[in-house]
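The following note is intended for a colleague meeting this structure for the first time. Please read the numbered points with the model open alongside.

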Amino acid sequence: MKIIITHKGTDFDALASLVAGKLLYPGARAVLPYVINPNLKAFLSIHKDFFGFYSPREINLDEVTELVVVDTNTWKRLDGMEALQTRKDLRITVWDHHVNGDIEAHELHREECGANITLMIRELKAQRKLLSPIQATLFLMGLYEDTGNLTFSSTLAEDALAAAYLLERKADLQILSTFLRQAYGKQQKDVLFEMIQQADRSDVAGFNVSIVSMDITGHIQNLSMVVQMYREIVNVDAAFGIFKDAERERCMVIGRSNIEGINIGSIMRSMGGGGHPGAGSALLKNTNPVVIQEMIEEMLKGNQHSSVQLSDIMSYPVVTVDENTVVDDVAMILREQGCTGMPVVDSDNRMVGIISRRDFKKIRKDSQMHSPVKAFMSREVVSISPHSSAIEAARLMIKHDIGRIPVIHDDEIIGIVTRSDTMVYFYDILPD
Ligand SMILES: [Mn+2]
């Protein structure tokens, strides 16, 4: 007898992998562990008969000759399979996206990617297996749950391609959101309550910060939302939650910041995770929460110095034009420089305005092309200090609908920051 088995505390990725296993190994029995995640119970209460799972007690382990293990690679995560561990005659196949494990497989399909189902979809595609909409829906639930809707930093391009494939196979997003998005349920409420009970605040490098560590079991959805709510409730500059999952030997670190001085994304990237200035997360294996807390505090202290200033990304030297230059000549300079606008200065080299292609639209008559540029330039000039951040520059650009901001230091234009400079900062400097 060939059986397919997955980890206890079964989540949607594990369940999806069991069903995918049935497609890849026709005739094999899929065995659902006794202990499954709560949100799975709701789904299975409706779909159980459709999938035809076996319970461990329905399987006579003596009859098992072949074992397919999916979404785990660790004996102790299996439910009711202890007797198999010492069997020498057992042929074992493993499909897993976790790195660690102690199951010695004869056939091993192990790769790090966002969800285990992604690996199995690759094989289903290769074998041209047909998927029903219900199967596609379940597979997408597994994929979305394990990748946080493709937002976790562990997500690979292949996960997104697998999601696209499942949507083509008519995965039902309506059903999916019913079972997956239990946004603020009991689990989230319990976590938030425990965080608030701890509510440690400390002053780190002048920032009001709260770092809370707690133990969790299994995957809890929307932890990032809980950390966000926590930060708002305790009203700190930045909040961090360190969630230790002892069973999986890992810590999920989630951060939220409300101020520019703390860049959560860069802190998470230095711990192997990812994110944006205001929000991010990292998944650390075999690490102790105390060490993680110290790492965060160290980075908060160093953050001020390591954060990129505008002077690092601005363009310079800056081409300027004198306010008395005629419009015709300014147009020519802009063309030659290949830019769409530039600062206008007076005889003391102080900035008095900015001229951009948009200002040229004010010109109605040809004769005006011989007027001095000061007649058409914009006098309301937004400028910025070299010590500001790229985020501040981006905010100013959005607020004033402008594409370039002169960088002024001691009344002097020392550079100019453009949309493309800020784009380079937001995309290129960030490691993947
Ligand atoms: Mn998984």
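1. A hairpin offers a convenient starting point in this predicted model. Strand β8 and strand β9 (residues 250-257) are paired in the antiparallel sense, with 8 bridges between them. Within this pairing, Lys244 has Cys251 of β9 as its bridge partner.

2. The turn of the hairpin deserves separate mention. Between β8 and β9 there are 4 residues. Glu249, which belongs to the turn, has a positive phi of about 50 degrees.

3. How many residues of strand β8 are buried? Strand β8 covers residues 238-245, and 7 of its 8 residues are buried, so the strand is mostly covered, where buried means that 20 or more other C-beta atoms lie within 10 Å of a residue's own.

4. Strand β8 also pairs with strand β7 (residues 207-216): the two run parallel and are joined by 8 bridges. In this pairing, Ile216 is found opposite Asp245 of β8. To pass from β7 to β8 the chain goes through helix α8 (residues 223-234), and the resulting β-α-β crossover is right-handed. Strand β8 is therefore met in two pairings, parallel with β7 and antiparallel with β9, under the criterion of at least two DSSP bridges.

5. Helix α8 also packs against helix α7 (residues 186-198), at an angle of about 40 degrees and with the axes 10 Å apart. This crossing of α7 and α8 is right-handed. On the α7 side the contact is made by Gln188, Val191, Leu192, Met195 and Ile196. On the α8 side, Leu223, Val226, Met229, Tyr230 and Ile233 take part.

6. A further open sheet should be examined. Its 3 strands follow the order β12-β13-β14, and their pairing is mixed. The edge strands, β12 (321-322) and β14 (351-356), each pair on one side only. Strand β13 (residues 341-345) pairs with β14 in the antiparallel sense over 5 bridges. Here Pro343 has Ile354 of β14 opposite.

7. Finally, the overall division of the chain may be considered. Three parts are assigned: domain 1 (2-180), domain 2 (186-306) and domain 3 (313-428). How far apart are the C-alpha centres of domain 1 and domain 3? The separation between these two centres is 57 Å.

Methods
Residues numbered from 1 in each chain as written. Predicted model: local features only at pLDDT ≥ 70, side-chain atom pairs only at ≥ 80, totals over all residues. Domains from an automatic or database assignment. Buried ≥ 20, exposed ≤ 12 C-beta atoms within 10 Å, placed from the backbone. Right-handed = clockwise from strand over helix to strand, strands pointing away. Axes fitted to C-alpha atoms, helices over the stretch in contact; angles between N-to-C directions. Left-handed = near helix turned anticlockwise from the far one by under 90°. Contact = placed C-beta atoms within 7 Å.
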